Amino acid sequence: MYDGENPQLQIVVYVAGGGTSRATKSAYAFLIEGSGALIRLNSDAIGNEGVYVALITAMRILPRGTKVQILMDAELVVRQCMGAAEARQPDIHLLRRRFWILAIQRDFEVGFRWIPHAENKAVKLLRMASEL
């Protein structure tokens, strides 16, 4: 893992998840800059679960050995992925573990950076999709 500040990285991925309860609509999205995006509305994942699901889904389609910078506005998820915060909820802990197993198996060099909500292009995708 690197500190997320290296401008030499090959791929930038924006990640977002939303929804506050299983009773309301929730969704997640990711945008691989220069390649494509995925938006999933009515997901079962809520809150930070959606962020992790988007992150794992994006990583599954990247080529092996990719250097990737992940940008997201979920500060807690950034801190958890960097090892600076503990994932206390069992579901979140499992999703974080799945992410790192995938990253190791696929030989990714991964960096994380928190960005403001207004700068997250995946959030903008979610907003546009919810207006359709």
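Which residues of β2 are buried on one side, and which on the other? A27, A29 and L31 are buried on one side of β2, and Y28, F30 and I32 are buried on the other. Both faces of the strand are therefore covered. This is a predicted model, and the chain has a mean pLDDT of 83.

**Confidence**
- Of the residues in the chain, 83% reach a pLDDT of 70 or more.
- Confidence peaks in strand β5, at a mean of 96.
- The lowest mean, 70, belongs to strand β3, which covers residues 36–41.
- Where pLDDT is low, predicted coordinates should not be read in detail.

**Overall architecture**
- The chain holds four helices and five strands.
- Read from the N terminus, the order of elements is β-β-β-α-β-α-α-β-α.
- The chain has 132 residues, and 44% of them count as buried.
- Take the contacts with a separation of 6 or more: 69% of them link residues 24 or more positions apart.
- The exposed area of the chain is about 7400 Å². Carbon and sulfur atoms supply 50% of that area.

**Strand β2 and its partner**
- Strand β2 spans residues 27–32.
- Six of its six residues are buried, so the rest of the structure largely encloses β2.
- In a regular strand, side chains alternate between the two faces of the sheet.
- In β2, the buried set on one side is A27, A29 and L31, while Y28, F30 and I32 make up the other side.
- Strand β1, residues 11–18, runs antiparallel to β2. Six bridges join the two strands.
- G18 stands opposite A27 of β2.

**N120: a buried loop residue**
- N120 lies in the loop between β5 and α4, and α4 covers residues 121–130.
- N120 counts as buried because its relative accessibility is 0%, against a cut-off of under 20%.
- Leaving out residues up to four places away in sequence, N120 touches Y14, V15, A16, L71, M72, D73 and I115.

**D107: an exposed loop residue**
- D107 sits in the loop between α3 (90–105) and β5 (109–114).
- The relative accessibility of D107 is 55%, so D107 counts as exposed, the cut-off being over 50%.
- D107 has a positive phi of about 60 degrees, although it is not a glycine.
- Most residues other than glycine have a negative phi.

Technical notes: Residues numbered from 1 in each chain as written. Predicted model: local features only at pLDDT ≥ 70, side-chain atom pairs only at ≥ 80, totals over all residues. Heavy atoms only, no water. Buried < 20%, exposed > 50% of the residue type's maximum accessible area, 1.4 Å probe, protein only. pLDDT = per-residue confidence, 0-100. Contact = heavy atoms within 4.5 Å. Areas by Shrake-Rupley, 256 points an atom, 1.4 Å probe, with all protein chains shown as cover. Pairing = 2+ DSSP bridges.
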